[in-house]
Amino acid sequence: MPIGEQAGAKVWQRRTTKHQLGIWFGWLLGVALFLFCWKQISDVTTWAFFWDVPRIAGDIGGRMIPPRWSYIDKLWVPLWDTLNIATLGTAIAIVMAVPVAFLAARNTTPSATLIRPIALLIIVSSRSINSLIWALLLVSIIGPGILAGTIAIGLRSIGFVAKLLYEAIEEIDKTQVEAISATGASRWQVMAYGIMPQIAPAFAGIAVFRWDINIRESTVLGLVGAGGIGLQLSSSLNILAWPQVTLILIAILVAVVVSEWVSAKVRHAII
Amino acid sequence: MLRLEKLTKKYKTGDMALKGVDLDVPPGQVLALIGPSGAGKSTLIRCINRLVEPSSGRIELNGEDVTRLGAGGLRRARRRMGMIFQEYALVERLTVMENVLSGQLGYVGFWRSYFRRFPQEIVTEAFRLLERVGLEQFADKRADQLSGGQRQRVGIARALIQGPDLLLVDEPTASLDPKTSRQIMRLICELCAERQLAAIINIHDVVLAQMFVQRIVGLRLGEVVYDGPPDGLTPEVLTEIYGEEDWAATRDKEADETPAGHGVTEGDPLAAM
Amino acid sequence: MSDTGFDASERARQWRPPPLIASPRLRWFLGLGAALYFALAIGSLEVNWLRIYEGLDRGWAFVIAFTNPDFTTRWTDIREGLIESLVMTVTSTAIGIAISVPIAFGAARNIAPLPVYLFCRAIIAVSRSLQEIIIAIFFVAIFGFGPLAGVITLSFATIGFLAKLLAEDIEDIDKGQAEAVRASGARWLQLMNYGVQPQVMPRLIGLSLYRLDINFRESAVVGLVGAGGIGATLNTAFDRYEFDTAAAILISIIVIVMIAEYSSGLIRARVQ
């Protein structure tokens with residue numbers, strides 16, 4: 001905070017002129033970047049259609065109401081599949097993520113120079129790629145179906161679970177681990193007695209949290225053929241059966257709300 | 001029984017925590033290690049069971065050089081050394097019983113310990129120890145539900161169930177109130193006498209140390225500057241260990257406040273301070 | 001101790017760790033229920049072993065492709081797709097932040113009146129409850145194919161994320177600081193500027209950077225339903241079984257996400 005002098009009085013400015021100019025310049029760059037990007041998008045957009053938007057939106061909205069309630073009979077099995085994709089996918093992810101997390105945490109990795117970067121690469125690869133893309137890949141490898149969806153959810157969740165878990169491992173109380181090592185316990189015993197009890201609550205919380213997210217994600221995997229209620233959504237959209245689409249969306253919303261409620265309850269019970 | 005020869009520890013930061021410490025602890029002797037913060041007390045204790053890796057020197061336990069042991073040998077050596085920590089270092093989410101039994105991990109195989117199937121005589125011994133430290137009805141409480149003094153008792157039981165020859169005790173009373181501090185110190189010293197255990201007790205409270213042990217080792221900047229009986233701690237010696245301070249004034253004040261005939265080595269209210 | 005002595009020795013004969021769930025009935029019920037569920041769920045997988053066996057070759061081809069990605073054959077498609085994704089990311093994040101901030105203030109119970117609060121919370125709930133891809137389908141239907149639909153989708157999704165977390169942060173601010181500013185006679189806007197903004201600014205920057213990262217990842221997905229970005233190119237590559245091109249695209253996405261995470265970490269460390 002520079003204090004200058006002008007005509008005998010002390011002048012206070014929040015920032016130096018240079019700092020202030022830097023901030024203005026930063027804003028200028030940001031706005032220029034935004035305008036440039038916006039222009040790119042505007043160039044490939046046919047704005048003439050844009051003025052039709054309210055009419056089209058109204059049209060679709062009109063067709064969607066009322067929902068076709070009788071269609072619910074065909075949704076029970078897909079909903080069951082969706083639940084299974086999310087749950088089994090989460091289970092796969094947990095089994096795979098635990099070792100990865102232990103290899104990635106600074107205080108438990110066997111080698112910080114060799115193995116830790118590999119574990120971190122696994123985590124970032126799994127996290128960078130959306131479950132829909134994993135599903136796309138798996139559908140093209142092992143064919144459409146629930147299995148592809150389950151594995152896709154599993155692969156996407158490894159990174160998420162492993163990241164949160166290794167952060168939890170890095171935050172544990174070191175003296176408890178020291179105390180167990182001081183008894184002459186082996187490496188595995190130190191893990192079972194010194195580390196596992198400390199991360200158990202975080203671990204359970206992460207698992208339930210991810211399960212909740214996975215319910216959401218598995219509702220749309222069907223769009224690329226990987227099973228679940230998304231298949232019905234996709235086929236209804238293809239034949240423009242808007243009343244069915246409405247019902248499916250309602251079913252998805254209910255599933256999401258219920259899973260969020262369950263996950264909140266379970267996490268509350270753990271902590 | 002325990003012999004340290006020229007033990008040094010240099011940290012990666014370049015700090016010389018220990019500069020060639022020689023120490024000889026005969027079986028059954030309890031000694032207190034005093035010195036200012038940063039003198040290397042904690043490092044010394046942790047070097048003995050190699051929670052901290054010493055840089056050079058020898059550590060001889062029952063004629064065996066601990067510094068040369070591989071992973072398996074080190075585990076067997078650690079079984080002979082029980083450790084008690086300042087912040088208790090109990091695994092807080094395990095029960096009291098599990099914490100006590102964890103002292104036996106060095107003797108029990110992984111799966112056995114994983115499923116908590118400890119040999120019956122160990123469980124019996126654990127109950128006996130809990131009774132001895134006065135916590136028999138807390139066996140199935142979780143460790144984080146106990147008070148500080150109770151936790152330290154669990155820590156003591158955990159160290160004793162190892163059946164050690166030597167106790168390494170790191171500031172056992174630093175997190176406790178004055179009364180509990182004394183009870184804990186008394187308990188440790190009684191148990192050592194009962195079982196003929198040697199012990200090295202790190203402690204910053206000089207008066208408390210003088211109350212309970214027969215031998216005091218003063219450490220300053222990684223070097224032993226005093227080794228002798230408690231009443232040899234004259235103001236000059238304390239100055240040597242801790243640096244300049246009006247030690248006599250403290251003592252006079254102490255003498256004023258305690259009834260005549262009580263020496264410094266006896267218990268007095270200032271020990272608590 | 002004589003009367004408890006027998007008791008203690010009796011107990012000493014057996015010790016088991018206390019079970020996680022105290023009631024044995026509930027324990028068995030939950031255990032059996034979980035086992036039954038997993039049996040049913042795994043049974044419903046309908047594994048087509050023949051198809052998987054055939055797929056193994058393709059899976060292996062994909063793994064090989066990862067070690068030898070092909071950036072050149074479809075380089076123009078990849079480059080245009082990536083640039084479009086980045087452009088969509090920047091635009092939608094900027095628009096999303098601009099809309100989210102006022103909504104976040106409106107959705108913070110400690111500064112907004114109840115009607116405004118409910119209205120803003122409703123917007124957040126709607127935005128959060130639907131997957132990006134479903135919203136994208138609708139916006140494509142309404143706005144037509146192309147990146148505009150994608151930008152609107154991602155902006156809309158940003159609101160639910162950013163406004164919710166920012167509102168929670170505003171609700172958690174230190175009341176003392178805001179009170180001190182109010183005590184000096186500040187107006188509402190001055191109060192926001194002096195009492196609230198400095199406290200939530202680091203969090204806003206952190207969340208925005210995080211959302212930038214998420215929006216990039218999502219921009220790769222909305223392309224699957226025709227809302228622009230790299231997703232369309234990726235979809236084509238998979239449809240044609242061009243695994244080496246697909247691997248090249250996936251590697252590009254991973255690298256960009258890594259760069260984004262690394263630089264946002266640097267920026268966040270400077271701001272906080």
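## Exercises on chain contacts and backbone

**Exercise 1.** Work out how many residue pairs are in polar contact across the interface of chain C and chain A, and how many salt bridges the rule finds there.

*Solution.* Step one: 9 residue pairs, with both residues at pLDDT 80 or more, are in polar contact across this interface; such a contact needs N or O atoms within 3.5 Å, within protein one able to donate a hydrogen and the other to accept it, and neighbours in sequence count only through side-chain atoms on both sides. The model is predicted, with local features requiring pLDDT of at least 70 and side-chain atom pairs pLDDT 80 or more, while totals for chains, interfaces and linings use all residues. Residues are numbered from 1 along each chain as written, chains are lettered from A and ligands numbered from 1 in written order, and side-chain values use heavy atoms, without hydrogens or water.

Step two: between chain C and chain A the rule finds 1 salt bridge (a Lys or Arg side-chain nitrogen within 4 Å of an Asp or Glu carboxyl oxygen). The partners are C:Glu261 and A:Arg127, whose closest N and O atoms lie 2.3 Å apart. Step three: the side of chain C that touches chain A divides into 37 nonpolar, 7 polar and 7 charged residues (nonpolar: Ala, Val, Leu, Ile, Met, Phe, Trp, Tyr, Cys, Pro; charged: Asp, Glu, Lys, Arg; polar: the others, Gly among them).

**Exercise 2.** Which chains are joined by the salt bridge between A:Glu178 and B:Arg46?

*Solution.* Begin with the total, which by this rule comes to 35 salt bridges over all chains. Next take A:Glu178 and B:Arg46, which form a salt bridge with their closest N and O atoms 2.9 Å apart. A:Glu178 belongs to helix α8 of chain A and B:Arg46 to helix α1 (residues 41-48) of chain B, so this pair joins two chains. Helices are DSSP runs (H or I, at least four residues), as are strands (E, at least two), numbered from the N terminus.

**Exercise 3.** Where along the chain does the cis peptide bond before A:Pro66 lie?

*Solution.* First identify the bond: A:Ile65 and A:Pro66 are joined by a cis peptide bond, and its omega is about -5°. Then place the proline, since the position of a residue can be given by the elements on either side: A:Pro66 sits in the loop between α3 (53-64) and α4 (76-104) of chain A.

**Exercise 4.** Is the phi of B:Tyr88 positive or negative, and in which loop is B:Tyr88 found?

*Solution.* The first step is the sign: B:Tyr88 is not a glycine, yet its phi is positive, at about 65°. The second step is the location, and here B:Tyr88 falls in the loop between β6 (81-84) and α3 (96-101) of chain B.

**Exercise 5.** How much area do chain C and chain A bury between them, and how many residues of each chain are in contact?

*Solution.* Start by counting residues: 51 residues of chain C are in contact with 55 residues of chain A, contact being heavy atoms within 4.5 Å. Then turn to the area, which is about 4,600 Å² between the two chains, with 78% of it on carbon and sulfur atoms; buried area is the accessible area (1.4 Å probe) lost on putting two parts together, summed over both.
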